[in-house]
Amino acid sequence: MQRIPEPELMLDEAQAKAYAEADFEAPHTRVIELFRESFPDWSGSGDVLDLGCGPGDISLRFAAAYPRCRVDGIDGSEAMMAAGRARIEHAGLADRVHLHKALLPADRAPMPRYDAVISNSLLHHLHDPQVLWTAVKRYAAPGAPVFVVDLLRPRSREQALAMRDRYAAGEPAVLQEDFYNSLCAAFTLDEIGEQLREAGLEGFAVRAVSDRHCVIHGRGR
Ligand SMILES: C[S@@+](CC[C@H](N)C(=O)[O-])C[C@H]1O[C@@H](n2cnc3c(N)ncnc32)[C@H](O)[C@@H]1O
């Protein structure tokens, strides 16, 4: 099926609250494990940029997994970040995890370069996927790990509906709809490979890690 883009920013407060309260324990734990598997030798220290951080759950988990790093999350939606700030405080990580409002590509991250750049579930939101790859090239210091996780688009709407029913059946209606729309807005492995070639990031590896997720990883130049 053709890609069906969804709105880039998650500005709706009810949607942001439902997203921030959703249980992402299993998939987000897996994201951190996949980072470790992709970069087993990374020092774990320095400044990390989390692109499209939303409520900051990945930023938080990353900071907890790597106690010597500091994370700047950036997102264009204040509603999404506001929904997650209390958890960062509660986790005692407010000194190492900071969420900043920044709309890509117009706004800048707080620092010019980072020692690692990560992103989970931003790519499928972007109307122009090069916005992500341009940010990666701009912000990843030479040799810095770059790690992107996103959804993969199913072959048909029927398959997307079946995935929604299989993986999101217990979630609130707003999240079920969100998941279906996100699957329809996601890219295929071939499309991501093409985006990387266009961006001059041919050295990056793209792989499926489940029936609905992919990982793209490489190093800054
Ligand atoms: C599905 S959420 C993912 C949030 C978080 N990374 C996570 O894994 O929980 C996608 C986020 O990307 C943000 N976003 C979308 N387009 C953006 C843009 N152009 N600039 C900055 N943030 C953007 C949305 O506002 C939303 O919070």
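In this predicted model, the ligand sits among 21 surrounding residues, and the closest of these are Glu8, Gly52, Asp75, Leu104 and Asn120. Sorted by class, the shell is made up of 11 nonpolar, 8 polar and 2 charged residues. Several side chains come up to oxygen atoms of the ligand. For Asp75, a polar side-chain atom lies 2.6 Å from one such oxygen; for Asn120, the distance from a polar side-chain atom to a ligand oxygen is 2.7 Å; and for Tyr19, it is 3.0 Å. As for how much of the ligand is hidden, the protein covers 99% of the 600 Å² of accessible area that the ligand has on its own.

Next comes the sheet. Seven strands make up an open sheet, and reading across it gives the order E3-E2-E1-E4-E5-E7-E6, with mixed pairing. Strand E3 (97-101) and strand E6 (205-208) are found at the edges, and each has a single partner strand, so one side of each is left without a neighbour in the sheet. From one strand to the next, the twist averages 20°. In general, strands of a sheet pair through backbone hydrogen bonds, either parallel or antiparallel. Here, strand E2 (residues 69-75) and E3 run parallel and are joined by 5 bridges. Within this part of the sheet, Gly73 has Leu99 of E3 opposite it. Asp75, already met as one of the closest residues to the ligand, falls within the residue range of E2.

Helices pack against this sheet too. Helix H5 (residues 130-139) lies across four strands, namely E1 (46-51), E4 (116-120), E5 (145-151) and E7 (213-219), and runs at about 170° to E1. Helix H8 (residues 189-199) also packs on the sheet, where it touches E6 and E7. The direction of H8 makes about 170° with that of E6.

Two spots in the backbone deserve a look. As a rule, most residues other than glycine have a negative phi, and most peptide bonds are trans. Leu104 and Pro105, however, are joined by a cis peptide bond, with omega at about 5°. Pro105 belongs to the loop between E3 and E4, while Leu104 is among the closest residues to the ligand. The other spot is Ser121, a residue other than glycine whose phi is positive, near 65°. Ser121 is located in the loop between E4 and H5.

Methods: Residues numbered from 1 in each chain as written. Predicted model: local features only at pLDDT ≥ 70, side-chain atom pairs only at ≥ 80, totals over all residues. Heavy atoms only, no water. Near = heavy atom within 4 Å. Polar contact = N/O pair within 3.5 Å; in protein donor to acceptor, adjacent residues only side chain to side chain. Areas by Shrake-Rupley, 256 points an atom, 1.4 Å probe, with all protein chains shown as cover. Nonpolar A, V, L, I, M, F, W, Y, C, P; charged D, E, K, R; others polar. Pairing = 2+ DSSP bridges. Helix = DSSP H or I, 4+ residues; strand = E, 2+ residues; numbered from the N terminus. Axes fitted to C-alpha atoms, helices over the stretch in contact; angles between N-to-C directions. Contact = heavy atoms within 4.5 Å.
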